[in-house]
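Here is a short note to read alongside the model. Please keep the sequence and the 3D view open as you go through the points.

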Amino acid sequence: MLNLSKYVALSLLTLTSLNVSAALTGYTANGTNLVYSSVADVTWTEDANLLATMARDPGAFTLFDAIIAASPTINDTPNDYDTPAFSGVHQVTRSDFSTGALGSTSWFGALAFVNYLNSINYAGSNQWMLPDANVACGSSINCVNSTMGSLYYSELGFVGGQNPPTSDSFSNDGVPHYWLSTERPGHPIDSYRFSWHSSNGGNQSEGISKGLSSFVRPYSPGMITAVPVPPAAWLFVSGLLGLFGWQRRA
């Protein structure tokens, strides 16, 4: 039997829909534009380069300082990038963030940004995270069994090894590559990233130094509840609840 709360949430999601593209549905939660994937059951930020957008107002260094204050250190497997080296702790500084290619950051800065989103309860969620890598794929295209791979291949229908078109489901969708959260096994100085708008689009790459710059595409599990619900939506939900109540009495 379909879970009532999930049925209601899906109904509200449809009512507040901004656009629908296959398995992706745009919606607004707490004044923020988001995109829900029914395939992976996750919510993406509608802004595909959110860090850059947030850095423009009130200013890059103001945002970077706020991120550092919310997440001054990142724990990882001991490696050269730790401060001190091989301590398992990296001290986040302004140098982790680029002002030239706004929105790009080190792997540590990407994790710190996600922690910052959680600290401000961005869009009503404190469960934002970076997509993980499918370690079994190593460096390859057509690696669909991961959150990012699912978005690229299954939900957007892009072809690996090509520069894909921009998506109507997202804004600022012109980023070349994104950090993945997974450390490279046996080489903790490296992580993975996922190529997007490049000639090698859809490629998951391993062996990417954590100190290099890439971009950030956070997601949150499931759907984020939009509050307050518009009055028309409440009327719709009330009708659904009445229908379920009638079915239970019948």
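The numbered points below cover helix packing, the cores, one enclosed helix and the disulfide.

1. Status of the model. This is a predicted model. Please read every value below as computed from that prediction.

2. Helix 3 against helix 4. Start with residues 60-70, which form helix 3, and residues 107-119, which form helix 4. Their axes lie 8 Å apart, and the packing angle is about 80 degrees. Angles from 65 to 115 degrees count as roughly perpendicular, so helix 3 and helix 4 fall in that class.

3. Who meets whom. Helix 3 brings L63, A66, I67 and A70 to the contact. Helix 4 answers with A112, F113, Y116 and S119. The contact of the two helices counts 7 nonpolar residues and 1 polar residue. No charged residue takes part. On spacing, a general point helps: an α-helix has 3.6 residues a turn, so residues three or four places apart point the same way.

4. The largest nonpolar core. This core holds 33 residues. Which residues have the most contacts inside it? They are I67, F113 and W128. I67 and F113 also appear in the contact between helix 3 and helix 4. Several elements supply at least two core residues each: strand 2 (24-29), strand 3 (32-37), helix 2 (50-56), helix 3 and helix 4. Helix 4 gives the largest share, 9 residues.

5. Another core. Apart from the largest core lies another, of 21 residues. Among its members are V35, A48, M148 and L151. Two of these, M148 and L151, are also listed as buried residues of helix 5.

6. Helix 5. Is this helix, residues 147-155, enclosed or open? It is largely enclosed by the rest of the structure, because 8 of its 9 residues are buried. Those buried are T147, M148, G149, S150, L151, Y152, Y153 and E155. Note that E155 is on this list. Just after the helix, G157 takes a positive phi of about 70 degrees.

7. The disulfide. The count is 1 disulfide. It joins C137 to C143, with an S to S distance of 2.1 Å. The link is right-handed, with 85 degrees about the S-S bond.

8. Exposure of the two cysteines. Buried means under 20% relative accessible area. C143 has 2% relative accessibility, so C143 counts as buried. C137 has a relative accessible area of 26%, so C137 is partly exposed.

Notes: Residues are numbered from 1 along each chain as its sequence is written. This is a predicted model: local features need pLDDT of at least 70, side-chain atom pairs count only at pLDDT 80 or more; totals for chains, interfaces and linings use all residues. Side-chain values use heavy atoms; hydrogens and water are left out. Axes are lines fitted to C-alpha atoms, for helices over the stretch in contact, and angles run from 0 to 180 degrees between N-to-C directions. Helices (H or I, at least four residues) and strands (E, at least two) are DSSP runs, numbered from the N terminus. Angles under 35 degrees count as roughly parallel, over 145 as roughly antiparallel, 65 to 115 as roughly perpendicular and the rest as oblique. Contact means heavy atoms within 4.5 Å. Ala, Val, Leu, Ile, Met, Phe, Trp, Tyr, Cys and Pro count as nonpolar, Asp, Glu, Lys and Arg as charged, and the others, Gly among them, as polar. Buried means under 20% relative accessible area, exposed over 50%, partly exposed in between (1.4 Å probe, protein chains only). A nonpolar core is a set of buried Ala, Val, Leu, Ile, Met, Phe, Trp, Tyr and Cys residues joined through side-chain atoms within 4.5 Å. A disulfide is a pair of cysteine sulfur atoms within 2.5 Å.
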